[in-house]
Structures are given as structure tokens and as C-alpha cells.
Amino acid sequence: MFTAYLIAAVVTIAINGGMAVADFARADFVLANSDAVSFPRPWIPLAGALKMAGAIGVLLGLLVARPLGIAAALGLVLYFAAALIVHVRTRVIHNIAFPGAYFAFAAATLALAVAQ
């Protein structure tokens, strides 16, 4: 079970850390997606900060403080649940797999962290 948790946590850390960097850099695909779902551009750095905080929290939970990792994974689950709702509400379904995958990894990390 620990191996599954380790894999889910490492993937969650990597994908959220990577997306946070893309948010901070205002990558073209981030701007295009934000515009498509009517997410205000001034909020993009905040979204990046939330993703980075989640990634760091999951890392710290993995290394030193499991409750912090659980809280961080829960925060990411809630963040990506909201992203999925926004995609459905705005009918931007062509790329819903991305927030769906991020949600799935955060949820797996949360479930496996709680089960540990």
C-alpha cells in the first residue's frame, strides 16, 4: 500500500508543481484555457500558488508530517473539483481530461494517505 501512496504522491507533486510553474510563467496554453473558461487572468498567479502549496504540502506529508499531506491533498481535490465544475458550467469539455486527471491523482493521494 505504501508503494501505491508513494507513486500517487510523487505524480501529484510533479504535475501540480509543473502546472504551478506554467501558471507563474503565464504559458500560452494556460492563458488560452483560462480565457476559454472565463477565469480572470489576474487570478492565474493565485491558482499557481495554490497548486504549488498543494504540491509542497503533499511532499511534506510524504516526508515528515502525514496530516499536512492529507490536508494538502484534500485542498487539491477541492481545487480540481471546482475546476471540473467550471469546465462543465462553461461547456469547455474538449480539455476536461486535464483537470480530471489532476483531480484523480489528488484523490488517490488523499485516499492512500488516509489509509496509511
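Mentor: Let's start with a word you'll need: a residue is called buried when its relative accessible area is under 20%. Keep in mind that what you see above is a predicted model.

Trainee: Okay, let me try that on a residue. Is His-87 buried or exposed?

Mentor: His-87 has 5% relative accessibility, so it counts as buried. You'll find His-87 in helix H4, which covers residues 66-89.

Trainee: Which residues is His-87 in contact with, leaving aside its neighbours within four places in sequence?

Mentor: His-87 is in contact with Asn-33, Val-37, Val-92, Ile-93, Asn-95, Ile-96 and Pro-99.

Trainee: Next, pockets. How do I go about finding empty space?

Mentor: The general idea is to roll a probe the size of a water molecule over the atoms, which shows where empty space is left. In this model, the largest pocket holds about 580 Å³ of space. It is lined by 25 residues, and the closest to its centre are Asn-33, Lys-51, Tyr-79, Ala-83 and His-87.

Trainee: So our His-87 shows up there too! Which helix gives the largest share of the lining?

Mentor: That's H4, with seven residues. Helices H1, H2, H3 and H5 are also in on it, and each of the five supplies at least two residues.

Trainee: How do I read a salt bridge?

Mentor: Look for a side-chain nitrogen of Lys or Arg within 4 Å of a carboxyl oxygen of Asp or Glu. This structure holds two salt bridges. In one of them, Asp-23 pairs with Lys-51, and their closest N and O atoms are 2.7 Å apart. That pair links distant parts of the chain, as Asp-23 sits in helix H1 and Lys-51 in helix H3, 28 residues apart.

Trainee: Are Asp-23 and Lys-51 buried or exposed?

Mentor: Asp-23 counts as buried because its relative accessibility is 3%, and Lys-51 counts as buried at 8%. Now look at Arg-41 and Asp-35, whose closest N and O atoms are 2.6 Å apart in their salt bridge. Arg-41 is partly exposed at 36%, and Asp-35 is partly exposed at 42%.

Trainee: Last one: what about nonpolar side chains at the surface?

Mentor: Look for a patch of them. Here, Ile-56, Leu-59, Leu-60, Leu-63, Val-64 and Leu-68 make a nonpolar surface patch of about 540 Å². Helix H3 (residues 44-63) gives the most to this patch, with four residues. Leu-59 is in helix H3, and Leu-59 is partly exposed, with a relative accessible area of 34%.

Conventions
Residues are numbered from 1 along each chain as its sequence is written. This is a predicted model: local features need pLDDT of at least 70, side-chain atom pairs count only at pLDDT 80 or more; totals for chains, interfaces and linings use all residues. Side-chain values use heavy atoms; hydrogens and water are left out. Patches are made of residues with over 30% relative accessible area and no salt bridge: like charges are joined within 9 Å, nonpolar side chains (Val, Leu, Ile, Met, Phe, Trp, Tyr) within 5 Å. Accessible areas come from the Shrake-Rupley method with a 1.4 Å probe; for residues, only the protein chains shown count as cover. Buried means under 20% relative accessible area, exposed over 50%, partly exposed in between (1.4 Å probe, protein chains only). Contact means heavy atoms within 4.5 Å. On a 1 Å grid over the protein atoms alone, a cavity is a set of points where a 1.4 Å probe fits but cannot get out, and a pocket is an open set with protein on both sides within 12 Å along at least five of seven lines; lining residues have an atom within 4 Å of a point. Grid points are joined across faces, edges and corners, and a volume is the space filled by probe spheres set on the points.
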